[in-house]
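User: I would like a close look at one part of this protein, explained in plain terms. Please begin with the chain in general and then move to the part I ask about.

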Amino acid sequence: VLKAANALLKYVEKQNAEKGDTNLLGDDADSVHMIIAIKLLSRNIKLVPSRIPLRNPLYDETKSVCLITKTSNSAEVAEKVEKLSFPQIQEVISVERLSKEYKPYEARRQLMSMHDLFLADHRIIHGLPKHLGSKFFQSKKFPLPVVIATGDIKAELTKALSSTMYKPAKGTTSAVKVGTTKMTAAQLAENIEGVAKCIAKYVPRGWENIESLGIKAGESLILPIYNSLTVASAPAPENPKENTDDAVEKPAVSAKILKDKKSSPKAVAKKPENKSKKSPLSRKRPAKDQVKKGRVTKSAAVAATSA
C-alpha cells in the first residue's frame with residue numbers, strides 16, 4: 001500500500017509539472033479515491049452514506065463545512081458550534097431556509113461550490129434529496145448524518161469531520177475519498193489501510209463480494225492494491241422449493257411415465273374401425289330405372305306385388 005501511495009503521488013507531481021500546475025477542476029482534482037469493484041449487485045441500495053473513520057482527517061481548518069439543522073433556530077445551533085471551536089463549520093442553515101432560499105438551481109449550485117463538506121441532522125437526512133437535487137449526488141457532496149439533538153455534540157462533530165463517506169453506486173464500482181495529494185505517502189497509506197479494513201462492513205456479503213480495490217487521483221490510472229482470486233456464487237433463491245432435488249428429478253420421472261404409457265398395449269392399440277359406416281367408394285351406383293327422389297322405383301313396385 002505504501003509503494004502504491006508513493007507511486008501515485010509521484011505520478012501526480014509529474015503531471016502537475018508538465019501541465020504547469022494549472023488546476024482547473026478545483027480542490028477535487030487533488031483528491032485521492034479508493035475504487036471498489038464488487039462482483040454481484042445488491043437489490044437494496046442504501047441511499048444514506050455511511051461514515052468511515054480516518055486516521056488523518058481530510059477536513060482541517062482550511063476547509064469549509066456547512067451544517068443543515070432540522071429546527072428553524074439555526075442561530076442558536078451556530079452559537080453552540082462556535083463555542084465548541086470548530087472553525088471548519090462556517091455556515092449553519094435550517095431545512096426551512098434551504099427549501100426557500102435555495103430552491104432555484106443556480107442557488108443550489110452556488111451553495112454546493114461554497115463548501116467542501118455538508119453535515120445534516122440525521123432526522124432530516126431522508127428528506128434532503130428533494131431540496132438539494134441530483135447535483136449533490138453526482139459531485140459526491142451529499143450531507144453526512146450527525147446526531148446533534150442529543151448527546152455530546154462536540155464528539156459527534158469531531159467524528160464526522162475526521163471521517164469519509166461511502167455510498168454504494170447503482171453499478172459495480174464505487175469510490176471513497178481517502179486523502180489528498182497534499183498528504184505524505186505514509187499518511188495516505190494509513191488512510192487507505194483504515195478504509196480497506198472497514199469497507200467490508202458496508203459492502204453486501206463482505207470480502208466475498210469484493211472483486212478489487214485500487215487508488216486513483218484525478219485522471220490517473222487505477223493502481224491496484226487488492227484483487228480477489230475467487231468467483232462469487234449467486235445468492236440462494238428466496239423460495240427454497242425452487243432449488244430442491246425433487247424439483248430437478250420431476251422432469252425425469254414424468255418422462256419415464258410417458259415412455260411407459262407409450263410402450264403399453266393400451267396406448268399402442270388402435271381404435272376399432274366402425275364397420276357399419278361405409279366409405280363413399282363402396283356405395284353402389286343407383287339403377288338406371290330409378291326415378292327421382294321421393295318416388296317409388298319400378299323394381300320396388302315389382303317386389304311389392306310379388307310379395
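In the protein chain, what percentage of the contacts with a separation of 6 or more is accounted for by residues 24 or more positions apart? After that, please take helix α8 and the sheet it packs on: which strands does α8 touch?

Analyst: The model is a predicted one. In the protein chain, 73% of the contacts with a separation of 6 or more are accounted for by residues 24 or more positions apart. The chain has 307 residues, and 34% of them are buried. It contains 11 helices and 10 strands.

The sheet comes before the helix. It is an open sheet of four strands, in the order β8-β1-β9-β10, and the pairing is antiparallel. Its edge strands, β8 (173–180) and β10 (223–227), each pair on one side only. From one strand to the next, the twist averages 20°. As a general point, strands of a sheet pair through backbone hydrogen bonds, in either a parallel or an antiparallel way. Here β1, residues 31–38, is joined to β8 by seven bridges, and the two run antiparallel. Across this pairing, His33 stands opposite Lys177 in β8.

Two helices can now be placed on this sheet. Helix α1 (residues 2–19) packs on it and touches β1, β9 (210–217) and β10. The direction of α1 makes about 35° with that of β9. Helix α8, residues 185–202, also packs on the sheet, where it touches β1, β8, β9 and β10. Its direction makes about 145° with that of β8.

Now α8 itself. The helix has 18 residues and reaches 26 Å from its first C-alpha to its last, close to the 26 Å expected at 1.5 Å a residue. There is nevertheless a kink of about 25° in α8, and Ala196 is at its centre. Ala196 is also one of the buried residues of the helix; others include Leu188, Asn191, Ile192, Val195 and Ile199.

Some of these residues lead to the interior. In soluble globular proteins, nonpolar side chains tend to be buried together. The largest nonpolar core in this model has 45 residues, and those that touch the most other members are Met34, Ile36, Leu67, Ile89, Leu119 and Ile199. Helix α8 gives the most to this core, with seven residues. Ile36 and Ile199 also touch each other, and further partners of Ile36 include Tyr166, Val176 and Leu213. A second core, separate from this one, has 18 residues, among them Leu98, Ala120, Ile125 and Phe136.

Leu188 gives another view of how α8 meets the sheet. Thr180, which is found in strand β8, is in contact with Leu188, and also with Asp30, Ser31 and Val32, leaving aside neighbours within four places in sequence. Thr180 counts as buried because its relative accessibility is 13%, and the cut-off for buried is under 20%.

A loop also comes up to α8. Arg55 lies in the loop between β2 (50–53) and β3 (65–69). Arg55 and Leu188 are 133 residues apart along the chain, yet their C-alpha atoms are separated by 9.3 Å. Setting aside neighbours within four places in sequence, Arg55 is in contact with Glu190, Asn191 and Lys197. Of these, Asn191 is among the buried residues of α8.

In short, α8 packs on the antiparallel sheet, gives seven residues to the largest nonpolar core, and has a kink centred on Ala196.

Technical notes. Residues numbered from 1 in each chain as written. Predicted model: local features only at pLDDT ≥ 70, side-chain atom pairs only at ≥ 80, totals over all residues. Heavy atoms only, no water. Pairing = 2+ DSSP bridges. Axes fitted to C-alpha atoms, helices over the stretch in contact; angles between N-to-C directions. Contact = heavy atoms within 4.5 Å. Buried < 20%, exposed > 50% of the residue type's maximum accessible area, 1.4 Å probe, protein only. Core = buried A, V, L, I, M, F, W, Y, C linked by side-chain atoms within 4.5 Å. Expected span 1.5 Å × (residues − 1). Bend = angle between axes of the 7 residues up to and from the residue.
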